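Student: Could you walk me through this structure and explain how each description is justified?
Tutor: Gladly. Here it is, and then we can talk.

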Protein chains: 2
Amino acid sequence: MAKQKKAPRPKAQTPKGFRDYFGPEVTERAEMLNTIAGVYHQYGFDALESSGVETVEALGKFLPDVDRPNEGVFAWQDEDDSWMALRYDLTAPLARVYAQHRNDLPLPYRRYAMGPVWRNEKPGPGRYRQFYQCDADTVGAGSVAADAEICAMLADTLEKVGIPRGDYLIRVNNRKVLNGVLECMGLDDDSQRDAVLRTIDKFDKVGEAGVRELLGKGRLDASGAYIDGVGLSDEQAEPVVAFLTSGRLEAAETLANLRAAIGASKVGEEGVSELEQIAKLLAAQGYGPDRIIIDPSVVRGLGYYTGPVFEAELTFEILDEKGRKRQFGSVAGGGRYDDLVKRFTGQAVPATGVSIGVDRLLAALREKGRIGGSVEGPVVVTVMDRDRMGDYQAMVAELRQAGLRAEVYLGNPKNFGNQLKYADKRQSPVAVIEGGDEKDRGVVQIKDLILGAKLAEDASLEEWKDHPSQYEVPRDQLVAKVQEILDLHK
Amino acid sequence: MAKQKKAPRPKAQTPKGFRDYFGPEVTERAEMLNTIAGVYHQYGFDALESSGVETVEALGKFLPDVDRPNEGVFAWQDEDDSWMALRYDLTAPLARVYAQHRNDLPLPYRRYAMGPVWRNEKPGPGRYRQFYQCDADTVGAGSVAADAEICAMLADTLEKVGIPRGDYLIRVNNRKVLNGVLECMGLDDDSQRDAVLRTIDKFDKVGEAGVRELLGKGRLDASGAYIDGVGLSDEQAEPVVAFLTSGRLEAAETLANLRAAIGASKVGEEGVSELEQIAKLLAAQGYGPDRIIIDPSVVRGLGYYTGPVFEAELTFEILDEKGRKRQFGSVAGGGRYDDLVKRFTGQAVPATGVSIGVDRLLAALREKGRIGGSVEGPVVVTVMDRDRMGDYQAMVAELRQAGLRAEVYLGNPKNFGNQLKYADKRQSPVAVIEGGDEKDRGVVQIKDLILGAKLAEDASLEEWKDHPSQYEVPRDQLVAKVQEILDLHK
């Protein structure tokens with residue numbers, strides 16, 4: 001008989017840059033987000049889950065003047081030819097939601113949002129095109145009390161999810177202070193200001209000396225490439241460096257340093273005064289510099305935000321891929337941005353907020369041993385006699401009623417070895433066995449798989465004999481014995 | 001000065017058919033799904049969160065042979081011209097995931113998944129293009145023990161989320177029994193079989209007499225339209241009607257009726273025997289016909305599934321939009337489907353599973369008063385003196401440390417009336433007031449807003465005087481007094 005021609009089979013793959021999450025990857029994230037939501041709720045923030053799909057018009061990311069837009073978002077046309085796109089963050093949707101529902105929402109409006117966002121970017125190692133964001137923002141509050149509140153809430157959140165006090169630091173800066181510094185330097189030229197801003201952004205990497213070089217004539221890169229400088233004189237560059245290095249443990253000293261760096265700039269004084277208020281408000285609530293600190297060396301986001309800027313860093317050390325010690329680093333950042341909804345309504349509405357790096361924070365909790373310790377595999381009830389499936393299902397029902405995680409083996413029961421291999425794959429702590437003989441005698445066999453694995457690994461024959469990892473108990477003591485073994489391994 | 005021409009403002013709107021969810025809508029759903037996940041976990045099911053975006057090839061929903069595909073899914077082209085689409089359910093991704101990761105997954109593989117899916121369909125009232133699904137499936141288990149387990153788990157789930165025993169019924173049918181009935185009727189003609197299947201699908205609506213008419217000559221619709229019948233004689237139609245109406249409270253009686261309806265059909269006998277096993281397995285675990293019942297009148301999904309079919313119905317009565325009593329109806333359904341991954345791998349892998357209608361079940365819980373009772377609004381600390389924001393933030397910090405939900409008013413504090421209006425919009429139970437006078441005397445004013453609202457609604461002047469809704473207490477008794485008022489209203 002001639003072989004039939006078959007249609008080619010589809011590939012079983014996610015699209016490039018997408019991935020799936022299994023078991024604990026899903027539940028650990030869900031638990032962490034649930035804990036965070038609890039803190040946000042206590043602070044009076046309300047949950048918001050906006051649509052995953054927005055009109056391109058509302059996102060404002062690009063104009064649909066090309067056939068297939070691909071500027072950072074995934075977009076397509078609806079039946080009526082209007083363009084829709086997947087949200088690329090949670091802030092743009094907040095702006096749209098607030099503009100759309102502002103008459104029904106309280107003012108100020110505190111909201112938190114958690115969920116996937118999508119980016120049409122080139123995927124790379126550890127860089128996915130779908131990932132979680134977790135944001136909290138206060139819309140419509142111009143006072144820096146709102147910024148201080150966000151910082152306090154961030155500190156509480158980190159501790160609640162399992163980062164101990166002392167292992168994190170929230171650093172606060174202010175864009176207005178930098179504006180004051182630039183003003184006092186007399187940099188009228190916008191392109192020169194932008195060049196200084198871009199240079200400041202490299203402070204984390206190149207340090208004080210590097211920034212001096214980059215503000216001046218230029219700098220020889222680690223790779224050997226020469227980076228052109230902004231072209232300022234050493235004297236001109238000084239206020240920027242003074243600003244970046246003005247941080248001290250005592251807020252009062254930091255603020256005095258900043259006041260010196262901004263000269264007579266009005267916006268600069270406004271910025272310093274805002275930082276002063278934030279420090280005062282936080283001190284009044286008991287958040288000292290061991291948790292939240294005024295630190296002008298925070299440069300991330302300084303180009304985007306318009307007032308206070310904050311960043312949460314984890315200060316404990318980890319080993320990097322080359323085995324060198326380094327600080328864990330940033331897990332959250334945020335700040336104040338004006339005119340959240342002006343695009344929609346014409347009215348300026350200030351907002352301030354924070355975004356937690358969900359994957360970074362999960363990695364940190366794993367690093368601290370807070371999650372990912374042990375997988376809670378189910379108790380597996382094996383099937384010795386396929387006609388007595390009812391008996392086995394009754395056993396798992398009993399185990400579950402006692403609050404235990406339990407399942408019956410549902411594959412082909414013919415090969416008992418396969419059942420134990422299955423239990424192994426499931427990371428089961430205990431297997432239950434009841435053959436015809438056991439049934440007749442009213443007993444069950446209970447195998448301690450954790451102890452069994454340990455013995456198999458490193459026990460001598462004597463130890464093996466002395467530590468049986470399998471027990472025979474009367475059928476009505478099934479639950480008690482399983483519970484006893486599980487308690488032993490806790 | 002001439003008015004400047006402005007660019008048109010974008011519309012602040014979700015795309016058609018999409019919506020946002022606020023506050024309790026988000027948290028109530030999250031809590032319900034969390035409870036469900038807990039039950040699934042106990043049954044040994046593992047979480048899976050697959051990518052929201054799939055290749056069109058993997059979804060198999062349409063061929064990308066048109067410029068803008070719109071057959072039910074939202075799709076677009078990637079940079080390399082390959083087509084991607086948003087998932088339209090959680091079963092197609094399960095097939096792809098299982099085919100992709102089958103070497104790493106246990107066999108059988110029990111998994112649950114919860115999340116949004118997207119449908120490119122015409123939106124209508126209550127019909128959205130993004131909505132939640134919540135599925136549990138067992139892949140690779142051919143035994144009906146897997147089906148019985150799903151039914152038991154569904155019963156446990158409904159009770160755990162708050163549907164009391166007696167208010168739901170899980171009904172089980174089997175497609176193979178129907179196949180046996182059709183076989184025994186001697187319907188060889190495929191189109192006639194399909195016509196009978198379509199007719200059966202209307203049993204819920206038209207009842208026994210209606211099905212008889214539709215299987216025969218035809219039927220005058222309620223709207224006056226005449227619907228052509230399948231054209232069977234009364235005698236020929238009899239086995240179908242016998243099948244649909246064979247359900248009795250006692251499984252044994254139902255099974256005997258079914259055996260009579262299938263005659264000598266082998267596949268029919270297989271189906272009846274499967275139902276018999278399911279009933280036996282469930283009885284062994286204590287799930288009687290008060291919770292799960294063999295019921296051949298379940299017709300939904302009978303065209304799609306290949307073996308056992310199940311449906312969970314809520315049996316309590318609600319009033320429909322016209323004020324008539326009716327049963328709440330279906331909240332979950334599922335069944336067995338063969339060849340889950342055959343498209344990808346060429347190997348047949350059986351699967352069985354259930355999908356809970358997330359929005360329907362939430363509506364049912366609201367109906368039963370299990371959720372949506374009272375919104376937990378925050379205690380609002382008002383701002384009487386904007387220079388003392390630190391004092392007010394210290395108050396909310398204290399209240400939060402006591403486990404209460406509390407926030408300080410962050411809007412413009414000039415108009416005190418606005419602050420109380422804000423508290424009202426936030427559904428706050430309590431407002432705290434500390435002006436300069438109170439500060440000097442070391443006291444705070446605490447307003448019971450719930451009692452205040454009640455009095456404002458229906459109290460006489462005397463009652464008003466007798467029941468003050470505002471209390472003055474020493475500052476250090478703030479938390480205790482607020483707690484006392486909240487306890488009173490519980």
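**Two copies and their parts**

Tutor: A turn of 180° and a shift of 0.0 Å along the axis lay chain B on chain A with an RMSD of 0.1 Å, where copies are superposed by least squares on the C-alpha atoms of residues with pLDDT of at least 70 in both.
Student: What makes this the relation of a two-fold axis?
Tutor: The turn is 180° and the shift along the axis is 0.0 Å, and therefore the relation is that of a two-fold axis. In chain B, Trp76(B) has the C-alpha nearest the axis, 2.9 Å from it.
Student: What should I know about the model and its numbering?
Tutor: The model is predicted, so local features need pLDDT of at least 70 and side-chain atom pairs count only at pLDDT 80 or more, while totals for chains, interfaces and linings use all residues. Residues are numbered from 1 along each chain as its sequence is written, and chains are lettered from A and ligands numbered from 1 in the order in which they are written.

Student: How do you know that the same surface serves both copies?
Tutor: Of the contact residues of chain B, 99% recur in chain A. Two residues are in contact if their C-beta atoms, placed from the backbone, lie within 7 Å. The contact takes 84 residues from chain B and 83 residues from chain A.
Student: Which helix gives the most to the side of chain B that touches chain A?
Tutor: Helix H13 (residues 389–401) of chain B does, with seven residues. A helix here is a DSSP run of H or I with at least four residues, a strand is a run of E with at least two, and both are numbered from the N terminus.
Student: How does that side of chain B divide by class?
Tutor: There are 37 nonpolar, 25 polar and 22 charged residues. Ala, Val, Leu, Ile, Met, Phe, Trp, Tyr, Cys and Pro count as nonpolar, Asp, Glu, Lys and Arg as charged, and the others, Gly among them, as polar.

Student: Why are H1(A) and H12(A) called roughly perpendicular?
Tutor: Helix H1 (residues 24–42) and helix H12 (residues 358–367) of chain A pack at an angle of about 105°, with their axes 11 Å apart. Axes are lines fitted to C-alpha atoms, for helices over the stretch in contact, and angles run from 0 to 180 degrees between N-to-C directions. Angles under 35 degrees count as roughly parallel, over 145 as roughly antiparallel, 65 to 115 as roughly perpendicular and the rest as oblique. H1(A) and H12(A) are therefore roughly perpendicular.
Student: Which residues meet there?
Tutor: From H1(A) come Glu28(A), Arg29(A) and Met32(A), which meet Val358(A), Leu361(A), Leu362(A) and Leu365(A) in H12(A). By class, the contact has five nonpolar, no polar and two charged residues.

Student: How do you know that E12(B) and E13(B) pair?
Tutor: Two strands pair if DSSP finds at least two bridges between them. Strand E12 (residues 308–319) and strand E13 (residues 325–337) of chain B have nine bridges, in the antiparallel sense. One bridge partner in E13(B) is Ala332(B), opposite Ala312(B). E13(B) is also joined to strand E14 (residues 351–356) of chain B by six bridges, again antiparallel.
Student: Which strands pair between chain A and chain B?
Tutor: Strand E1 (residues 21–22) of chain A pairs antiparallel with strand E2 (residues 46–49) of chain B over two bridges. Tyr21(A) stands opposite Glu49(B) there.

Student: What makes E11(A) and E1(B) edge strands?
Tutor: They belong to an open sheet of nine strands with mixed pairing, in the order E11(A)-E8(A)-E12(A)-E13(A)-E14(A)-E7(A)-E6(A)-E2(A)-E1(B). Each has a single partner strand, so one side of each is left without a neighbour in the sheet. Within this sheet, E7(A) and E14(A) pair antiparallel over six bridges, and Thr138(A) stands opposite Thr352(A).

Student: What makes Asp81(A) and Pro108(A) worth a look?
Tutor: Most residues other than glycine have a negative phi, and most peptide bonds are trans. Asp81(A) is not a glycine, yet has a positive phi of about 75°, and is found in the loop between E4 and E5 of chain A. The bond joining Leu107(A) and Pro108(A) is cis, with omega about -5°. In chain B, the bond from Leu107(B) to Pro108(B) is cis too, with omega near -5°.
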